Amino acid sequence: MKNWPLFEIFIRSRNGLDHKHVGSLHASDAQMAIENARDVYSRRLEGVSIWVVESKYITASDPGDKDAMFEPAVDKIYRHPTFYKLPKEVDHM
Amino acid sequence: MKDQEQLLKEFQEKIDREEKIEPKDWMPEEYRKTLIRQISQHAHSEVVGMLPEGNWITRAPNLRRKAILLAKIQDEAGHGLYLYSAAETLGIDRDTLIDELLSGKAKYSSIFNYPALTWADMGAIGWLVDGAAIVNQVALCRTSYGPYARAMVRICKEESFHQRQGYEILLALCRGNAAQKKMAQDSLNRWWWPSLMMFGPSDKNSAHTAHSMNWKIKRFTNDELRQKFVDMTVPQANVLGIKIPDDKLQWNEQRGHYDFGEINWEEFNHVVKGNGPCNRQRLDDRRKAHEEGQWVRDAAMAYAEKRSNKIA
């Protein structure tokens, strides 16, 4: 038998919030993945909307490149509002 | 290219900093193997654990109990799936895991090799077996491997009702007539010791504990968790008014814990080796279910392929 492909499951818990990754499951196609995701990941009102995507279509960054990828942000603290010291009267800005 | 020793050192430092390990991070082969073994055993236990209870769905005493039992068993299927998915992130595929269960190569919790003889056993399984599982699983929510920890958090959230519904079954029996109370006591007599065995061999004989603690796969030892379970469960038995079958069980003021008798390790080993009352039946049932579902899996795949060819 050919193996059922793996799908990643994303659920929106309520309108106004993002879909969030909750896990994965095997299914023969996307429709079945949605039906199974409903049974597996939303038995207790966890969601109002489900996205499924076959895992093989996800491209992930390499954890080995973590430093090169993310370190440049470390020394740019001027991107945060707290970097700027203002007089007390206007500090709520 | 970093050498093995350097990688290992960085890995341990990461764990010591309480940073989670994620699927694509470097990890020692032994860490990967230990996790695959532990997570898949855990998944198999959820799946085999459905069998003793499935046996009672048609015989539940009323519709409320039946709906609850069905929901609990459905949860267990889901928990098996969360765990298989977590194991798969370590680079092993689902079919291999299932094969290892069906061939008898992989283990599952020995508790499910005991038979569920009466309705009271549905109560005892929920209260004691799920209760012991929760003690284990709460500790595992902080395990060092990210996908395993996340699966555990989800499972713990869902599992609490399992224990409460079991206790409620026994509460109803214990408040009933003499025969019902006797049935509750009998189920406690049969499930108490096997439940204590669920925490595995004593620390001094546990092959995997030291390594697993170092890598924070396990956060507490078998004996620590077992003690926790005993301390938590004794007062609950008192509320039911039934007696835990252990003459050595008594509060130790000095330790601040209950002392309890020695587990029959001979029985433990006997069941682990495959010679418990239901080992053969459980695996036969799983094999039969898997084989009889084959055409459904094949048909679903054939349908999906036919449809995708039409679209293309």
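The exchange below asks why certain residues, ring pairs and helices of this predicted model are described as they are.

User: What should I know about the numbering and the model before we begin?
Analyst: Residues are numbered from 1 along each chain as its sequence is written, and chains are lettered from A in the order in which they are written. This is a predicted model, in which local features need pLDDT of at least 70 and side-chain atom pairs count only at pLDDT 80 or more, while totals for chains, interfaces and linings use all residues, and side-chain values use heavy atoms, with hydrogens and water left out.

User: How do you know what confidence chain A has?
Analyst: The score is pLDDT, the predictor's confidence in each residue, from 0 to 100. Chain A averages 92, and 98% of the residues score at least 70. Among the elements of chain A, which are DSSP runs numbered from the N terminus (helices H or I of at least four residues, strands E of at least two), helix H2 (residues 66-70) has the lowest mean, 87, and strand S3 (residues 49-54) the highest, 98.

User: Why is the pair of Tyr41(A) and Tyr82(B) called stacked?
Analyst: Rings of Phe, Tyr and Trp (its six-membered ring) pair if their centres lie within 6.5 Å, and planes under 30 degrees apart count as stacked, over 60 as edge-to-face and the rest as tilted. Tyr41(A) and Tyr82(B) are 5.5 Å centre to centre with 25° between the planes, and therefore they meet both conditions for a stacked pair. The pair crosses between chains, from helix H1 (residues 30-41) of chain A to helix H4 (residues 63-88) of chain B.

User: What makes Tyr78(A) and Phe83(A) an edge-to-face pair?
Analyst: Their centres are 6.3 Å apart and the angle between the planes is 70°, so the pair falls under the edge-to-face class.

User: Why is Tyr78(A) called partly exposed?
Analyst: Buried means under 20% relative accessible area, exposed over 50%, and partly exposed in between (1.4 Å probe, protein chains only). Tyr78(A) has 42%, and is therefore partly exposed, and Phe83(A), at 39%, is partly exposed as well. Tyr41(A) and Tyr82(B), by contrast, are both buried.

User: What makes the phi of Leu45(A) worth a remark?
Analyst: Most residues other than glycine have a negative phi. Leu45(A) has a positive phi of about 60° although it is not a glycine. Leu45(A) is found in the loop between H1 and S3 of chain A, and its relative accessible area is 82%, so Leu45(A) counts as exposed.

User: Is Lys216(B) buried or exposed?
Analyst: Lys216(B) has 17% relative accessibility and therefore counts as buried. Its phi is near 55°, again a positive value in a residue other than glycine, and its place is the loop between helix H9 (209-214) and helix H10 (222-240) of chain B.

User: How do you know that Thr34(B) is buried, and which residues does Thr34(B) touch?
Analyst: Thr34(B), in helix H2 (residues 29-48) of chain B, has a relative accessible area of 7%, so it is buried. Contact means heavy atoms within 4.5 Å, and Thr34(B) touches Ser212(B) and Ile217(B), not counting residues up to four places away in sequence.

User: At what angle do H6(B) and H8(B) pack?
Analyst: Helix H6 (residues 119-140) and helix H8 (residues 178-197) of chain B pack at about 35°, with their axes 9 Å apart, where axes are lines fitted to C-alpha atoms over the stretch in contact and angles run from 0 to 180 degrees between N-to-C directions.
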